[in-house]
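Please read this short report with the sequence and the structure open beside it. It looks at a few places in turn.

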Amino acid sequence: MSPAEEQQAAGLCAALTMDEHKEYGVLAQVRSQGYWLLSRLFLRVPDAQHLHELQAELAGADADGPLADLRRAVEESLRAPDDAAVEFTRRLVVVSKSGGESLPYESFVRDGTVPGPATAEVVACMADCGFADIAPDAPSPDHIGAELKFMALLSCEENQAWEQGRTAEAMQLVASQRSFLNTHLAAWGLDYCEALETRAEHVYMKSVARMARLCMLEDVAIVEENFRELSGIIDAAVD
(Lines give C-alpha, C1' and ligand atoms only; values in the text may rest on other atoms or scores of the structure.)
Protein backbone atom coordinates (compact mmCIF):
# COMPACT_ATOMS: atom_id res chain seq x y z
CA MET A 1 0.00 0.00 0.00
CA SER A 2 1.40 3.40 -0.96
CA PRO A 3 1.77 6.22 1.63
CA ALA A 4 -1.19 8.02 0.04
CA GLU A 5 -3.35 4.90 0.28
CA GLU A 6 -2.29 4.38 3.89
CA GLN A 7 -3.32 7.95 4.66
CA GLN A 8 -6.69 7.45 2.99
CA ALA A 9 -7.27 4.19 4.86
CA ALA A 10 -6.37 5.76 8.19
CA GLY A 11 -8.66 8.70 7.50
CA LEU A 12 -11.57 6.45 6.56
CA CYS A 13 -11.06 4.19 9.57
CA ALA A 14 -10.95 7.16 11.94
CA ALA A 15 -14.01 8.80 10.40
CA LEU A 16 -16.27 5.73 10.60
CA THR A 17 -17.86 4.63 13.86
CA MET A 18 -18.08 0.98 14.88
CA ASP A 19 -21.81 1.08 14.17
CA GLU A 20 -21.11 2.32 10.63
CA HIS A 21 -18.60 -0.49 10.11
CA LYS A 22 -21.30 -2.92 11.22
CA GLU A 23 -23.95 -1.37 8.96
CA TYR A 24 -21.76 -1.61 5.88
CA GLY A 25 -20.87 -5.18 6.84
CA VAL A 26 -24.47 -6.28 7.29
CA LEU A 27 -25.44 -4.75 3.95
CA ALA A 28 -22.58 -6.60 2.23
CA GLN A 29 -23.69 -9.86 3.85
CA VAL A 30 -27.28 -9.45 2.66
CA ARG A 31 -26.09 -8.62 -0.85
CA SER A 32 -23.81 -11.65 -0.86
CA GLN A 33 -26.67 -13.96 0.09
CA GLY A 34 -28.76 -12.54 -2.74
CA TYR A 35 -26.00 -13.12 -5.28
CA TRP A 36 -25.44 -16.68 -4.05
CA LEU A 37 -29.12 -17.42 -4.62
CA LEU A 38 -29.14 -15.85 -8.08
CA SER A 39 -26.02 -17.81 -9.06
CA ARG A 40 -27.66 -21.08 -8.03
CA LEU A 41 -30.79 -20.25 -9.97
CA PHE A 42 -28.78 -19.89 -13.18
CA LEU A 43 -26.46 -22.85 -12.61
CA ARG A 44 -28.67 -25.59 -11.13
CA VAL A 45 -31.36 -27.35 -13.09
CA PRO A 46 -34.73 -26.91 -11.31
CA ASP A 47 -35.38 -30.61 -10.80
CA ALA A 48 -37.69 -31.78 -8.01
CA GLN A 49 -34.90 -31.82 -5.41
CA HIS A 50 -33.75 -28.29 -6.16
CA LEU A 51 -37.32 -26.99 -6.24
CA HIS A 52 -38.05 -28.53 -2.84
CA GLU A 53 -34.88 -26.94 -1.44
CA LEU A 54 -35.95 -23.56 -2.79
CA GLN A 55 -39.46 -24.00 -1.42
CA ALA A 56 -38.07 -24.54 2.09
CA GLU A 57 -35.68 -21.57 1.83
CA LEU A 58 -38.37 -19.23 0.54
CA ALA A 59 -41.10 -20.27 2.96
CA GLY A 60 -40.71 -17.08 4.99
CA ALA A 61 -40.50 -14.68 2.06
CA ASP A 62 -42.56 -11.48 2.30
CA ALA A 63 -45.91 -11.47 0.57
CA ASP A 64 -44.67 -8.93 -1.95
CA GLY A 65 -41.42 -8.54 -3.84
CA PRO A 66 -39.19 -10.68 -6.05
CA LEU A 67 -38.65 -13.44 -3.46
CA ALA A 68 -42.39 -13.93 -3.06
CA ASP A 69 -42.71 -14.01 -6.84
CA LEU A 70 -40.00 -16.68 -7.01
CA ARG A 71 -41.65 -18.67 -4.21
CA ARG A 72 -44.94 -18.76 -6.10
CA ALA A 73 -43.11 -19.81 -9.27
CA VAL A 74 -41.35 -22.61 -7.39
CA GLU A 75 -44.60 -23.87 -5.88
CA GLU A 76 -46.28 -23.87 -9.27
CA SER A 77 -43.30 -25.64 -10.84
CA LEU A 78 -43.46 -28.45 -8.26
CA ARG A 79 -46.71 -29.58 -9.86
CA ALA A 80 -44.70 -30.62 -12.94
CA PRO A 81 -40.95 -30.30 -12.22
CA ASP A 82 -39.95 -31.73 -15.59
CA ASP A 83 -41.51 -28.75 -17.36
CA ALA A 84 -39.35 -26.29 -15.41
CA ALA A 85 -36.23 -28.38 -16.09
CA VAL A 86 -36.96 -28.57 -19.81
CA GLU A 87 -37.40 -24.80 -20.06
CA PHE A 88 -34.20 -24.22 -18.08
CA THR A 89 -32.26 -26.52 -20.43
CA ARG A 90 -33.77 -24.89 -23.48
CA ARG A 91 -32.90 -21.34 -22.38
CA LEU A 92 -29.59 -21.82 -20.58
CA VAL A 93 -27.98 -25.09 -21.65
CA VAL A 94 -28.94 -26.23 -25.14
CA VAL A 95 -29.84 -22.90 -26.70
CA SER A 96 -31.01 -22.70 -30.30
CA LYS A 97 -29.09 -19.91 -32.02
CA SER A 98 -31.15 -20.34 -35.18
CA GLY A 99 -34.02 -18.44 -33.56
CA GLY A 100 -31.79 -15.51 -32.64
CA GLU A 101 -31.78 -16.44 -28.97
CA SER A 102 -28.86 -15.19 -26.90
CA LEU A 103 -26.53 -17.49 -25.00
CA PRO A 104 -25.98 -16.79 -21.27
CA TYR A 105 -22.38 -15.64 -21.77
CA GLU A 106 -21.00 -12.12 -21.73
CA SER A 107 -18.67 -12.96 -24.63
CA PHE A 108 -21.58 -14.08 -26.79
CA VAL A 109 -23.55 -10.91 -26.07
CA ARG A 110 -20.58 -8.55 -26.51
CA ASP A 111 -18.34 -10.38 -28.98
CA GLY A 112 -20.65 -12.80 -30.76
CA THR A 113 -18.49 -15.80 -29.87
CA VAL A 114 -17.74 -18.07 -26.89
CA PRO A 115 -15.10 -17.77 -25.64
CA GLY A 116 -14.21 -14.25 -26.72
CA PRO A 117 -12.29 -11.17 -25.57
CA ALA A 118 -14.86 -10.61 -22.83
CA THR A 119 -14.08 -14.03 -21.39
CA ALA A 120 -10.41 -13.10 -20.98
CA GLU A 121 -11.37 -9.78 -19.39
CA VAL A 122 -13.62 -11.51 -16.85
CA VAL A 123 -10.92 -14.06 -16.00
CA ALA A 124 -8.45 -11.19 -15.50
CA CYS A 125 -10.88 -9.37 -13.17
CA MET A 126 -11.34 -12.51 -11.10
CA ALA A 127 -7.60 -13.14 -10.96
CA ASP A 128 -6.92 -9.54 -9.90
CA CYS A 129 -9.23 -10.13 -6.93
CA GLY A 130 -7.54 -13.42 -6.04
CA PHE A 131 -10.05 -15.84 -7.55
CA ALA A 132 -9.63 -18.61 -10.11
CA ASP A 133 -12.14 -21.19 -11.36
CA ILE A 134 -14.80 -19.89 -8.99
CA ALA A 135 -17.65 -21.77 -10.65
CA PRO A 136 -16.48 -25.17 -11.97
CA ASP A 137 -20.13 -26.04 -12.62
CA ALA A 138 -20.38 -23.15 -15.11
CA PRO A 139 -19.41 -23.85 -18.73
CA SER A 140 -17.36 -20.63 -18.89
CA PRO A 141 -16.16 -17.94 -16.42
CA ASP A 142 -18.31 -15.36 -18.23
CA HIS A 143 -21.52 -17.39 -17.85
CA ILE A 144 -24.09 -15.26 -16.04
CA GLY A 145 -24.17 -17.73 -13.14
CA ALA A 146 -20.38 -17.50 -12.72
CA GLU A 147 -20.40 -13.70 -12.80
CA LEU A 148 -23.17 -13.64 -10.20
CA LYS A 149 -21.12 -16.00 -8.03
CA PHE A 150 -18.10 -13.70 -8.37
CA MET A 151 -20.19 -10.83 -7.01
CA ALA A 152 -21.32 -13.09 -4.14
CA LEU A 153 -17.69 -13.81 -3.26
CA LEU A 154 -16.63 -10.15 -3.45
CA SER A 155 -19.49 -8.96 -1.25
CA CYS A 156 -18.82 -11.82 1.20
CA GLU A 157 -15.19 -10.72 1.49
CA GLU A 158 -16.36 -7.14 1.92
CA ASN A 159 -18.54 -8.24 4.82
CA GLN A 160 -15.60 -9.99 6.47
CA ALA A 161 -13.35 -6.97 5.95
CA TRP A 162 -15.83 -4.63 7.65
CA GLU A 163 -16.36 -7.07 10.52
CA GLN A 164 -12.61 -7.41 11.12
CA GLY A 165 -11.87 -3.69 10.85
CA ARG A 166 -9.92 -3.98 7.61
CA THR A 167 -11.34 -0.70 6.35
CA ALA A 168 -8.99 -0.11 3.43
CA GLU A 169 -9.63 -3.62 2.09
CA ALA A 170 -13.38 -3.15 2.45
CA MET A 171 -13.20 0.09 0.43
CA GLN A 172 -11.15 -1.62 -2.26
CA LEU A 173 -13.71 -4.43 -2.47
CA VAL A 174 -16.50 -1.88 -2.89
CA ALA A 175 -14.52 -0.33 -5.75
CA SER A 176 -13.95 -3.75 -7.33
CA GLN A 177 -17.65 -4.57 -7.20
CA ARG A 178 -18.56 -1.21 -8.68
CA SER A 179 -16.10 -1.71 -11.53
CA PHE A 180 -17.22 -5.27 -12.29
CA LEU A 181 -20.91 -4.37 -12.23
CA ASN A 182 -20.52 -1.35 -14.48
CA THR A 183 -18.02 -2.87 -16.89
CA HIS A 184 -19.27 -6.44 -17.02
CA LEU A 185 -22.25 -8.01 -15.22
CA ALA A 186 -24.79 -5.18 -15.32
CA ALA A 187 -23.47 -3.89 -18.66
CA TRP A 188 -24.80 -6.98 -20.43
CA GLY A 189 -26.79 -8.90 -17.82
CA LEU A 190 -29.64 -6.41 -17.46
CA ASP A 191 -30.58 -6.54 -21.15
CA TYR A 192 -29.97 -10.28 -21.28
CA CYS A 193 -32.33 -10.95 -18.35
CA GLU A 194 -34.99 -8.65 -19.76
CA ALA A 195 -34.89 -10.52 -23.06
CA LEU A 196 -34.85 -13.88 -21.27
CA GLU A 197 -37.98 -12.99 -19.32
CA THR A 198 -39.72 -12.02 -22.57
CA ARG A 199 -38.71 -15.23 -24.38
CA ALA A 200 -39.33 -17.64 -21.53
CA GLU A 201 -42.58 -19.56 -21.55
CA HIS A 202 -42.44 -21.18 -18.11
CA VAL A 203 -43.24 -19.27 -14.91
CA TYR A 204 -40.03 -20.41 -13.21
CA MET A 205 -37.66 -19.12 -15.86
CA LYS A 206 -39.62 -15.89 -16.17
CA SER A 207 -39.40 -15.34 -12.41
CA VAL A 208 -35.65 -16.07 -12.29
CA ALA A 209 -34.92 -13.63 -15.11
CA ARG A 210 -37.14 -10.92 -13.61
CA MET A 211 -35.63 -11.31 -10.15
CA ALA A 212 -32.06 -11.19 -11.49
CA ARG A 213 -32.72 -8.02 -13.48
CA LEU A 214 -34.41 -6.23 -10.58
CA CYS A 215 -31.70 -7.25 -8.11
CA MET A 216 -28.91 -6.13 -10.43
CA LEU A 217 -30.60 -2.78 -11.00
CA GLU A 218 -30.96 -2.24 -7.27
CA ASP A 219 -27.41 -3.34 -6.53
CA VAL A 220 -25.87 -1.00 -9.08
CA ALA A 221 -27.50 1.87 -7.18
CA ILE A 222 -26.49 0.51 -3.76
CA VAL A 223 -22.84 -0.01 -4.68
CA GLU A 224 -22.62 3.39 -6.36
CA GLU A 225 -24.09 5.09 -3.28
CA ASN A 226 -21.68 3.26 -0.96
CA PHE A 227 -18.71 4.11 -3.16
CA ARG A 228 -19.61 7.80 -3.25
CA GLU A 229 -20.27 7.93 0.50
CA LEU A 230 -16.95 6.30 1.36
CA SER A 231 -15.03 8.40 -1.17
CA GLY A 232 -16.56 11.54 0.32
CA ILE A 233 -15.54 10.47 3.82
CA ILE A 234 -11.98 9.82 2.63
CA ASP A 235 -11.78 13.21 0.92
CA ALA A 236 -13.07 15.00 4.02
CA ALA A 237 -10.69 13.11 6.31
CA VAL A 238 -7.64 13.77 4.14
CA ASP A 239 -8.48 17.47 3.76
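## A buried histidine

His143 has a relative accessibility of 2%, and because buried means under 20%, His143 counts as buried. The model in which this value was computed is a predicted one.

His143 lies in the loop between helix H7, which covers residues 117-128, and helix H8. When its neighbours within four places in sequence are left aside, His143 is in contact with Phe42, Leu43, Leu92, Pro104, Tyr105 and Ala138.

## Helix H8

Helix H8 runs over residues 144-163, and at 1.5 Å a residue its 20 residues should span 28 Å; the C-alpha atoms at its ends are 29 Å apart, which agrees with that expectation. H8 is also mostly covered, since 16 of its 20 residues are buried.

Just after H8 comes Gly165, which takes a positive phi of about 75°.

## Cysteines without disulfides

How many disulfides does the structure hold? The number is zero, and two cysteines can illustrate this. For Cys156, the closest cysteine sulfur is in Cys129, and the distance of 14 Å between the two sulfurs is too far for a bond, because a disulfide needs sulfur atoms within 2.5 Å. Cys215 is likewise in no disulfide, and the nearest cysteine sulfur, which belongs to Cys193, is 9.9 Å away.

Are these two cysteines buried or exposed? Cys156 has a relative accessibility of 26% and therefore counts as partly exposed, while Cys215, at 23%, also counts as partly exposed.

How values were computed. Residues numbered from 1 in each chain as written. Predicted model: local features only at pLDDT ≥ 70, side-chain atom pairs only at ≥ 80, totals over all residues. Heavy atoms only, no water. Helix = DSSP H or I, 4+ residues; strand = E, 2+ residues; numbered from the N terminus. Expected span 1.5 Å × (residues − 1). Buried < 20%, exposed > 50% of the residue type's maximum accessible area, 1.4 Å probe, protein only. Contact = heavy atoms within 4.5 Å.
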